[in-house]
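Please find below my notes on this chain, set out as numbered points. They begin with a local detail of the backbone and move from there to the core and the chain as a whole.

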Amino acid sequence: PKIYPDDNLAAMEERSHRQGMKFVYALDESGVTPKAYAATKTPEVFLFDAAGKLVYHGAIDDNAYDPDKVTQPYLRNALDAVVAGKTPALQRTKALGCAIQPPKGSS
């Protein structure tokens, strides 16, 4: 947020509300969460089943830049499979997005 003021928590919550998104943001100023998951991009999806097993990891879909050109809704397909009690056919894709920068002073 210091470099990109529009990425502060309040602005992101307002933008998601304006766009009709229904999810909760979590602010991790320490950077421990992406490190724990070995996340490298934002957004980067980690979908777990009811037993806590990682069943899908990667991109939300195949076009991070133009929602009208999405041909493969990876996360939607994985969610549908999990809800149906199945393992997603595709369990990993390359995450698309901005690189996660570790907080200053972290290693």
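1. In this predicted model, Ala 38 is found in the loop between α2, which covers residues 32–37, and β1. The backbone deserves a look here, since phi of Ala 38 is near 60°, a positive value in a residue other than glycine. Most residues other than glycine have a negative phi. With a relative accessible area of 54%, Ala 38 counts as exposed because that value is over the 50% cut-off.

2. A further backbone feature belongs to the loop between β1 (41–42) and β2, where Pro 43 has its place. The peptide bond that leads from Thr 42 to Pro 43 is cis, with omega near 0°, and as a general background most peptide bonds are trans.

3. Which residues form the largest nonpolar core? This core has 8 residues, namely Val 45, Leu 47, Val 55, Tyr 56, Ala 59, Tyr 74, Leu 75 and Ala 78. Two or more of these residues come from each of β2 (45–48), β3 (54–58) and α3 (74–83), and α3 gives the most, with 3 residues. In soluble globular proteins, nonpolar side chains tend to be buried together.

4. Within that core, Leu 75 merits separate mention: leaving aside residues up to four places away in sequence, Leu 75 touches Val 45, Leu 47, Tyr 56, Ala 59 and Ile 60. Of these partners, Val 45, Leu 47, Tyr 56 and Ala 59 are listed in the core together with Leu 75.

5. Is Ala 81, a residue of helix α3, buried or exposed? Ala 81 is buried, because its relative accessible area of 12% is under the 20% cut-off. Its contacts, not counting residues up to four places away in sequence, are with Lys 86, Thr 87 and Pro 88. The C-alpha atoms of Ala 81 and Val 55 are separated by 9.8 Å, although the two residues are 26 residues apart along the chain.

6. The loop between β2 and β3 contains Gly 52, which counts as partly exposed at 48% relative accessibility because that figure falls between the 20% and 50% cut-offs. Computed along the sequence, Gly 52 and Ala 95 are 43 residues apart, and their C-alpha atoms lie 21 Å apart in space.

7. For the overall fold, the chain has 3 helices and 4 strands, which follow the pattern α-α-β-β-β-α-β when read along the sequence. The C-alpha trace spans about 40 × 35 × 20 Å along its principal axes. Among the contacts with a separation of 6 or more, 44% are accounted for by residues 24 or more positions apart.

8. Turning to the surface, buried residues make up 19% of the 107 residues in the chain. The accessible surface comes to about 8,400 Å², of which 56% belongs to carbon and sulfur atoms. The chain carries 13 positive and 13 negative charges, and the mean positions of the two sets are 5 Å apart.

9. As to confidence, the mean pLDDT of the chain is 89, and 94% of its residues reach 70 or more. Among the elements, strand β4 (residues 98–99) has the lowest mean pLDDT, at 86, whereas β3 has the highest, at 98. Where pLDDT is low, the predicted coordinates should not be read in detail.

Conventions
Residues numbered from 1 in each chain as written. Predicted model: local features only at pLDDT ≥ 70, side-chain atom pairs only at ≥ 80, totals over all residues. Heavy atoms only, no water. Core = buried A, V, L, I, M, F, W, Y, C linked by side-chain atoms within 4.5 Å. Buried < 20%, exposed > 50% of the residue type's maximum accessible area, 1.4 Å probe, protein only. Contact = heavy atoms within 4.5 Å. pLDDT = per-residue confidence, 0-100. Areas by Shrake-Rupley, 256 points an atom, 1.4 Å probe, with all protein chains shown as cover. Lys, Arg positive; Asp, Glu negative; His and termini not counted. Charge placed at Lys NZ, Arg CZ, Asp CG, Glu CD.
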